[in-house]
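Me: Please take a close look at one part of this model, the nonpolar core and the strands and helices around it. I would like one connected account with the cut-offs stated.

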Amino acid sequence: MAILEVKAIEKSFDNTHVLKDINFSLEKGEVMAIIGSSGSGKTTLLRCLNFLERPDKGTIIVNNEVIFDAMDPSTQKESEVRKKRLHFGLVFQNFNLFPQYTVLKNVTLAAELLAKERSDYKQNKKVIIEEIQERGKTLLSQVGLSDKMNFYPHMISGGQQQRVAIARALALEPDILCFDEPTSALDPELTGEVLRVIKGLAERNTTMIIVTHEMDFARDVADRVIFMDDGVIVEQGSPQEVFANPKEERTKQFLARYNNA
């Protein structure tokens, strides 16, 4: 059963039609890689899923619940957006860490703020915060940064900062973890450490959507690959189907450019 269904999503900015009739589904534990040239709509798609942008048309369904329907205003209430974002953890191209907070605080901050809305928060504040702190430490251990939890962002490398961002996204236990070109802001020597963390998450059956220009990584780690061009899904299938036996001419041309780069 699909954990995510995206149906007929469209998005325009002024007169530019950025997403055109986007349809796909995602199974629990599946890793989907989205590839394509710059400007093909990949980042806008992730932003629509995370409600940083509102689609003009279409439907988004998570765990059989319609969380967005462009034809139903009741699914578009601003007061509900934050709750809906909890379905999707998003790791940006740039790390977006708070420079005034430690690594651990960056990971736990959102969970601590949400905990204040619990009815039992005042009575159980100490226990709740301790639990959040322990989970933060566990996540930092998972991304190999236990020894950096009391450091500040400026004290660690770009690759380590991106790993903190991954731990932060995991802290709220999203249904789906989304990555928007997670290595694009990194020097080549730091890219591998981030990709290894993402590969480890895949091995633990974390449900993920990864927008990436790392073709070898997409081929080796993804269960399914989507190729986008000019706002449409041109082709999707297993890595073997898309990389070794592409059916569409646009896919072949894109991969030829990558292989000749």
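Reply: The account below starts with the basis of the values and then goes from the core outward.

This is a predicted model, in which local features need pLDDT of at least 70 and side-chain atom pairs count only at pLDDT 80 or more, while totals for chains, interfaces and linings use all residues. Residues are numbered from 1 along each chain as its sequence is written, and side-chain values use heavy atoms, with hydrogens and water left out.

A nonpolar core is here a set of buried Ala, Val, Leu, Ile, Met, Phe, Trp, Tyr and Cys residues joined through side-chain atoms within 4.5 Å. Buried stands for under 20% relative accessible area, exposed for over 50%, and partly exposed for what lies in between (1.4 Å probe, protein chains only). The largest nonpolar core has 46 residues, and the members that touch the most others are Ile35, Leu140, Ile166, Leu177, Phe179, Ile198 and Met208. With 7 residues, helix α6 (residues 188-203) gives the most to this core. Helices (H or I, at least four residues) and strands (E, at least two) are DSSP runs, numbered from the N terminus. Apart from this core lies another one of 29 residues, which includes Val18, Leu26, Met32 and Met228.

Phe179 is one of the residues of the largest core that touch the most other members. Leaving out residues up to four places away in sequence, Phe179 has contacts (heavy atoms within 4.5 Å) with Leu46, Val91, Ile166, Ile198, Leu201, Met208, Ile209, Ile210 and Val211.

Leu46, from that list, belongs to helix α1 (residues 42-49). Leu46 counts as buried because its relative accessibility is 1%. With the same sequence exclusion of up to four places, Leu46 touches Leu90, Cys178, Phe179, Asp180, Ile209 and Val211. The C-alpha atoms of Leu46 and Ile210 are separated by 9.2 Å, although these residues are 164 residues apart along the chain.

Cys178, one of the contacts of Leu46, leads to the cysteines. A disulfide is a pair of cysteine sulfur atoms within 2.5 Å, and by this rule the count is 0. Cys48 is in no disulfide, and the nearest cysteine sulfur, that of Cys178, is 12 Å away. Cys178 is likewise in no disulfide, its nearest cysteine sulfur being that of Cys48 at 12 Å. Cys48 has 1% relative accessibility and therefore counts as buried; Cys178, at 2%, also counts as buried.

Strand β3 (residues 31-35) is next. Its 5 residues are buried, 5 of 5, so the strand is largely enclosed by the rest of the structure. Val31, Ala33 and Ile35 are buried on one side of β3, and Met32 and Ile34 are buried on the other, which leaves both faces covered. Two strands pair if DSSP finds at least two bridges between them. β3 runs parallel to strand β8 (residues 208-211), with 4 bridges joining them, and Val31 stands opposite Met208 in β8. β3 also runs parallel to strand β9 (residues 224-229), again joined by 4 bridges; there the bridge partner of Ile35 is Phe227.

A separate set of strand pairings involves strand β1 (residues 2-13). β1 and strand β2 (residues 16-27) run antiparallel and are joined by 8 bridges, with Phe13 opposite Thr16 in β2. The two strands form a hairpin with 2 residues between them, and Asp14 in the turn has a positive phi of about 55°. β1 also pairs with strand β4 (residues 57-62) in the antiparallel sense over 5 bridges, where Leu4 has Val62 as its bridge partner in β4.

A polar side chain can be added to the picture. Gln161 lies in helix α5 (residues 158-170) and counts as buried because its relative accessibility is 16%. Its side chain reaches the backbone oxygen of Ile156 at 3.4 Å. This is a polar contact, a pair of N or O atoms within 3.5 Å; within protein, one must be able to donate a hydrogen and the other to accept it, and residues adjacent in sequence count only if both atoms are side-chain atoms. Not counting residues up to four places away in sequence, Gln161 touches Phe95, Leu97, Pro153 and Ile156.
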